[in-house]
Amino acid sequence: MAIDWQQLAEKYRKDYIADLTTLVGIDSSRDDSKATDDYPLGPGPAKALIAFLGLAERDGFKTKNLDNLAGYVEYGEGDETLAILGHADVMPAGKGWHTDPFTLTAKDGNLYGRGTSDDKGPALAAYYGLKMLKDQGITPKIKIRFIIGTDEESDWTGMNHYLDLEPAPTLGFSPDAEFPLINGEKGNVTFTSTFTGTNGNGLVLREFDAGLRENMVPRDAEATVENGDNAQLTADFDKFLTDAPVTGDVTTDADGLHFHVIGKAAHGMEPKNGINAGTYLATFLAAQAFGGDAADFLGLLASNLHDDSRANKLGIAYTDKVMGDLTMNVGIMTFTADKGGLINTNFRYPTGTGAADIETGLAKATADMNVTLKQGREMVPHYVDPADPIVATLMDVYRQQTGDMTAQPEVVGGGTYGRLMKRGVAFGALFPGTQDTMHQADEFQPEADLLKAMAIYGQAIFELTK
């Protein structure tokens, strides 16, 4: 069957944008403080899942909602299943937006809004690829399941729930990364360093707060300091701002000095793309006369973690010729004088190193501190041979649709649902040369790119199931 997939995708432009408007309009960031039996991760993720499944029901697909934690759309029959795994949740919007993050906004050919790039825009494009097959009357020779998770941006509770109830897929792709194709993903592990809340004599670190999620470079950082020379600290901070690649301000009231630093948010898989406001603020404060655990908290950030995405200062830098560098993101930093503090560090690591080596480096850096280290969830490196038919087929489709005959599969630090399948890869929808705004303020995806991705997904699903 000869189909002009890009011409066909163009016919769905208006409907696609209307549906994306609906999905972006839901703040689907996880919020455990609002969790209920009906909304186990807070109302947002569940409402986005319900909306996604509602679109498929409207279009005549079979759907199933698994306790508002995950769901799927099914088309075709057979013993073998092709899985397409997307997610309906988003990162918290954060600060710094020039548009409403939960109103789809078209400007200069781009579609702005939280989720347009990660992952509502791409996932919806993949869904429309499936819809095109159905609307064309094409019956796949194997079963297709479009699976939707609800907390890919945190600990994958939704997808784990799916795997508890349904057979684990072995073959498929996740439209949650970039083109041409991701056939390898680094390992992923997070460590939390916990401090008590003591301060020495003199300066008191009353509060310190930076970061929203472990896999996001913090844009904003704030701290409150008491018992200092306010005039001198203000002057020192102003000088610090002139020499650092951040902006900020300081105000004074009865509670002390309030510092605010603004950096640049970015996806935690490549911290060099952002500017970590938290570690920059800590670097300024660490030079002041703090004591106790406050000094250790600031010192660890300033001396061992600041501006070191490859973890050289921890002595755990590592590079693999296939998977590349180990990377480190300092995602969450909090401290209060009465409750203590924590530093959350997220590592993406290649084959050849792992959690034990990372813990050794952190333990050495904190050996003289009153610190408790705790390892979080770990995902080991994932790799699919470029010769595997799923890689070959998807790469062939990408080359046909783009004309880029030199494109090759890649390995990244991001973690997608693709790694849940033995023969799973990540496939789009960010095109080479398009600015990556995932996890950032003013997240966007070019409208033309999303339509082109729809065409690619349509042909890809067709080729994999014919």
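Modeller: Let's begin with a convention for sorting residues: Ala, Val, Leu, Ile, Met, Phe, Trp, Tyr, Cys and Pro count as nonpolar, Asp, Glu, Lys and Arg as charged, and the others, Gly among them, as polar. We'll apply it to a pocket in a moment; keep in mind that this is a predicted model.

Colleague: Good to know. How should I read the pocket, and what is the volume of the largest pocket?

Modeller: The general idea is that rolling a probe the size of a water molecule over the atoms shows where empty space is left. Here, the largest pocket has a volume of about 650 Å³. Its lining has 37 residues, and those closest to its centre are Glu153, Ser154, Glu214, Asn215 and Arg377.

Colleague: Then let me use your convention. How many residues of that lining are nonpolar, polar and charged?

Modeller: The lining of the largest pocket holds 14 charged, 13 polar and 10 nonpolar residues.

Colleague: And which strands supply at least two residues each to the lining?

Modeller: Five elements to colour in your viewer: E8, E9, E10 (187-195), E20 (340-349) and E21 (371-379). E21 gives the largest share, with 5 residues.

Colleague: Let's step back to the whole fold. How many helices and strands are there in the protein chain?

Modeller: The protein chain has 11 helices and 26 strands. Its radius of gyration is 23 Å, close to the 23 Å that the globule rule gives for 466 residues, so the chain is as compact as a globular protein of that length. The C-alpha trace spans about 75 × 45 × 45 Å along its principal axes.

Colleague: What share of the residues is buried?

Modeller: Buried means under 20% relative accessible area, and 58% of the 466 residues fall in that class. As for the surface, the chain exposes about 18200 Å², with 47% of it supplied by carbon and sulfur atoms.

Colleague: How do I read contacts along the sequence?

Modeller: Look at how far apart the partners are in sequence. Of the contacts between residues at least 6 apart, 76% join residues at least 24 apart. Leucine 82, in strand E3 (residues 81-87), makes a good example. Its C-alpha atom is separated by 7.4 Å from that of proline 169, which is 87 residues away along the chain. Beyond its sequence neighbours within four places, leucine 82 has contacts that include Ile142, Ile144, Leu171, Ile461 and Leu464.

Colleague: Is leucine 82 buried or exposed?

Modeller: Leucine 82 counts as buried because its relative accessibility is 0%.

Colleague: Now the backbone. Which residues other than glycine have a positive phi?

Modeller: Two to visit are aspartate 108, with phi near 55 degrees, and alanine 311, with phi near 60 degrees. Aspartate 108 lies in the loop between E4 (105-107) and E5, while alanine 311 is in the loop between H8 (292-305) and E17 (319-320). Their surroundings are worth a look: aspartate 108 is exposed, at 69% relative accessible area, whereas alanine 311 is buried, at 0%.

Colleague: And the peptide bonds: where do I find cis ones?

Modeller: Check omega. The bond from aspartate 118 to aspartate 119 is cis, with omega near 0 degrees; aspartate 119 sits in the loop between E5 (110-112) and H4 (120-135). Another cis bond joins phenylalanine 179 to proline 180, where omega is about 10 degrees. Proline 180 belongs to the loop between E8 (177-178) and E9 (182-185), and both of those strands appear in the list for the pocket lining.

Terms used. Residues numbered from 1 in each chain as written. Predicted model: local features only at pLDDT ≥ 70, side-chain atom pairs only at ≥ 80, totals over all residues. Heavy atoms only, no water. Helix = DSSP H or I, 4+ residues; strand = E, 2+ residues; numbered from the N terminus. Buried < 20%, exposed > 50% of the residue type's maximum accessible area, 1.4 Å probe, protein only. 1 Å grid on protein atoms, 1.4 Å probe; cavity = no way out; pocket = protein on both sides within 12 Å on 5 of 7 lines; lining within 4 Å. Points joined across faces, edges and corners; volume = space filled by probe spheres on them. Rg over C-alpha atoms; globule rule 2.2 N^0.38 Å. Contact = heavy atoms within 4.5 Å. Areas by Shrake-Rupley, 256 points an atom, 1.4 Å probe, with all protein chains shown as cover.
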